[in-house]
Amino acid sequence: MSVILLGGSPAPHSSSSRLLQHIGERLALHGQRVSRIEVRDLSASALLSLDTDEPSVARALAAVRQADAIVVATPVYKAAYSGLLKAFLDLLPQDGLAGKLVLPLATGGSQSHMLALDYALRPVLASMSARFILPSIYATSDQLGRGLDGSLTLAAPIAVRVAQGVEQLASELRLVAPRPGTDAVAAKDLHAVAA
């Protein structure tokens, strides 16, 4: 099954980007084929002018169209998901998530922004006909640390939520997986879609 990691952070080393990478690595260990789209790497002028024919945008939209699941990650700014993520979501058709499983992630400075996922992002994802939106995962900066080797370390409560989210998404993907004998292939490595 194919999973797209959709990063909506303008900063390459943000908390949401690191959490998205961590979840992608865990999904790959479950045998899922994982690809990553960082919206910040797409053509800014194409995003702003809604140019779906620009090559990087067209590749990203095609990858979303072909995916079985989307993990959407965003920082929370002013009680909402990032404008960068919104610019990309605006390019998708009204049924752009039809038949797809979606796992929403967000990071913010404090727990007071936790509901931004449920009140801002979840309704948009639902309006695009997602098959199933899994329970959201929200983490504060304090819950996401850095190990001596630079790896992401998770505080115990968020580590449990992340493990549950990964397991639930992997389980749901197994339920909708093609039967043996089809041409589905699982790859173990992450690769960028829109480089």
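What volume does the largest pocket have? I looked this up in a predicted model, and the largest pocket comes to about 210 Å³.

**Entry 1: the largest pocket**

I listed the lining of the largest pocket next and recorded 13 residues. Nearest the centre of the pocket lie Ser17, Arg18, Gln21, Glu25 and Gly150. I then asked which element gives the most to this lining. Helix H1, which spans residues 15–29, holds that place with six residues. By residue class, I noted five charged, six polar and two nonpolar residues in the lining of the largest pocket.

**Entry 2: histidine 22**

I stayed with helix H1, since histidine 22 lies in that helix. Is histidine 22 buried or exposed? I found a relative accessibility of 10% for histidine 22; the cut-off for buried is under 20%, so this residue counts as buried. I also looked up what histidine 22 touches, leaving aside residues up to four places away in sequence. The contacts I wrote down are Leu152, Leu154 and Val162.

**Entry 3: the search for cavities**

How many cavities of 30 Å³ or more does the whole structure hold? My search of the whole structure returned two. I took them in turn.

**Entry 4: the largest cavity**

I noted about 40 Å³ of space in the largest cavity. Its lining consists of Leu6, Val64, Ile70, Val72, Phe88, Leu89, Leu92, Leu97 and Leu125. I sorted these residues by class and obtained nine nonpolar, no polar and no charged. Which elements each supply at least two residues of the lining of the largest cavity? I identified strand E3 (69–77) and helix H4 (83–89).

**Entry 5: the second largest cavity**

For the second largest cavity I recorded about 30 Å³ of space. I found that Thr74, Val76, Ala80, Tyr81, Ala106, Ala116, Leu117 and Leu121 line the second largest cavity. Two or more residues of this lining come from each of E3, strand E4 (80–81) and helix H5 (116–127). I checked which element has the largest share, and H5 has it with three residues. The class count for the lining of the second largest cavity is seven nonpolar, one polar and no charged.

**Entry 6: linings side by side**

I set the class counts together for reference. The lining of the largest pocket includes five charged residues, whereas the lining of the largest cavity has no charged residues and that of the second largest cavity has no charged residues either. Strand E3 appears in my notes for the largest cavity and again for the second largest cavity.

Note on methods
Residues numbered from 1 in each chain as written. Predicted model: local features only at pLDDT ≥ 70, side-chain atom pairs only at ≥ 80, totals over all residues. Heavy atoms only, no water. 1 Å grid on protein atoms, 1.4 Å probe; cavity = no way out; pocket = protein on both sides within 12 Å on 5 of 7 lines; lining within 4 Å. Points joined across faces, edges and corners; volume = space filled by probe spheres on them. Helix = DSSP H or I, 4+ residues; strand = E, 2+ residues; numbered from the N terminus. Nonpolar A, V, L, I, M, F, W, Y, C, P; charged D, E, K, R; others polar. Buried < 20%, exposed > 50% of the residue type's maximum accessible area, 1.4 Å probe, protein only. Contact = heavy atoms within 4.5 Å.
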